[in-house]
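Trainee: I have just opened this entry and would like a friendly tour. Could we go through it together, one question at a time?

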Amino acid sequence: MPIRTQAVTVVFAGVPEPLASSELEVVAHTPDEREAVWHATALRPDVLVLPVHPPGLDGLAVTREVASRVPGTAILVLTPPADGELVIAAMLAGARGVLSRSAGHDDLVRFIRGVAAGAVVFGERAADRLYGLLAASQPMRAFPRLTSREHEVLDLLAGGLEIPAVARRLGLAPKTVRNVVSSIHAKAGTDDREVLLAQARNAGLGHHS
């Protein structure tokens, strides 16, 4: 008799319908990716599949939290086609795989099985984006979705400056800096200032303030 391959346990979050396959055991499905943390923590699946898409980017915050709280669960992130910045952001957040959300059934099954087995996998578009960055010798800057100004403000905040001091350093109005900070929080996927600054410092920011 042929040996039956053990099914991979999967939680699908933020997708309309879970993937049906004899190779997968769907242990939970929620249309809201923000509920993925609860399901991943309670069920400890092999793989969590969830989308990351603008403008809210809730999926990045979920990815960070699940990667931290349930390290045994591999995270496969689905991104909009050709959004190279999200590929890097998902990697930095803790995703083990990145695939276009327009990918077909077979590719999705293959990627789920790949990350469950411990591989790091990327769709063709994601791989092209990574190779392009390497070929151009561009560093994978932390928080790649931030503009240069947002990155500059976050660097100063991570170095211990408060908003008024950042405003003076950059020659901006404090209200302008607060608006920039709000944008940073939205793009980083967290409303918690201390979490954001800790992530920035862990990524090497804040040493030149």
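Trainee: Which elements each supply at least two residues of the lining of the largest pocket, and which one gives the most?
Mentor: Good place to start, and keep in mind that this is a predicted model. Four helices each supply at least two residues of that lining: α2, α3, α8 and α9, the last covering 193–202. With three residues, the helix that gives the most is α3.

Trainee: How much space lies in the largest pocket, and how do the residues of its lining divide into nonpolar, polar and charged?
Mentor: The lining consists of 15 residues, and those nearest the pocket's centre are Arg64, Leu92, Ala93, Phe143 and Gln199. By type, the lining divides into 10 nonpolar, two polar and three charged residues. The space in this pocket comes to about 280 Å³.

Trainee: How many helices and strands does the protein have?
Mentor: The chain has 209 residues, of which 46% are buried. Among contacts between residues at least 6 apart in sequence, 59% join residues at least 24 apart. As for secondary structure, the count is nine helices and six strands.

Trainee: Which element gives the most to the largest nonpolar core?
Mentor: This core has 22 residues, and Leu48, Leu50, Leu60, Val62, Val66, Val77 and Ala90 touch the most other members. Two or more residues come from each of β1 (8–13), α1 (36–43), β3 (47–51), α2 (58–69), β4 (74–79) and α3 (84–93). The most, five residues, come from α3.

Trainee: Leu48 was on that list. Which residues does Leu48 touch, not counting those up to four places away in sequence?
Mentor: Leaving out those sequence neighbours, the partners of Leu48 include Val11, Ala13 and Ala36. The others are Val62, Val66, Thr73, Ala74, Ile75 and Leu76.

Trainee: Is Pro80 buried or exposed?
Mentor: Pro80 sits in the loop between β4 and α3. Beyond four places in sequence, Pro80 is in contact with Val52, His53, Pro54, Leu86 and Arg101. Val52 is 28 residues away in sequence, yet the C-alpha atoms of the two are 7.8 Å apart. Because its relative accessibility is 12%, under the 20% cut-off, Pro80 counts as buried.

Trainee: Why is helix α6 described as largely enclosed by the rest of the structure?
Mentor: Within α6, the buried residues are Glu150, His151, Val153, Leu154, Asp155, Leu156, Leu157 and Ala158. They pack against α7 (163–170), α8 and α9. The helix spans residues 148–158, and it is largely enclosed because the buried share is eight of its 11 residues.

Trainee: What phi does Gly160 take just after α6?
Mentor: Gly160 comes just after that helix, and its phi is positive. The value is about 105 degrees.

Trainee: Is His185 buried or exposed?
Mentor: His185 is found in helix α8, residues 174–188. Not counting residues up to four places away in sequence, His185 touches Thr190, Asp191, Asp192, Arg193 and Leu196. Its relative accessible area is 12%, so His185 is buried.

Trainee: Where does pLDDT stay under 50?
Mentor: Across the protein, pLDDT averages 82, and 84% of the residues score at least 70. Where pLDDT is low, the predicted coordinates should not be read in detail. The model has five contacts beyond four places in sequence for the stretch where pLDDT stays under 50, residues 136–140.

Terms used: Residues numbered from 1 in each chain as written. Predicted model: local features only at pLDDT ≥ 70, side-chain atom pairs only at ≥ 80, totals over all residues. Heavy atoms only, no water. Core = buried A, V, L, I, M, F, W, Y, C linked by side-chain atoms within 4.5 Å. Buried < 20%, exposed > 50% of the residue type's maximum accessible area, 1.4 Å probe, protein only. Contact = heavy atoms within 4.5 Å. pLDDT = per-residue confidence, 0-100. 1 Å grid on protein atoms, 1.4 Å probe; cavity = no way out; pocket = protein on both sides within 12 Å on 5 of 7 lines; lining within 4 Å. Points joined across faces, edges and corners; volume = space filled by probe spheres on them. Nonpolar A, V, L, I, M, F, W, Y, C, P; charged D, E, K, R; others polar.
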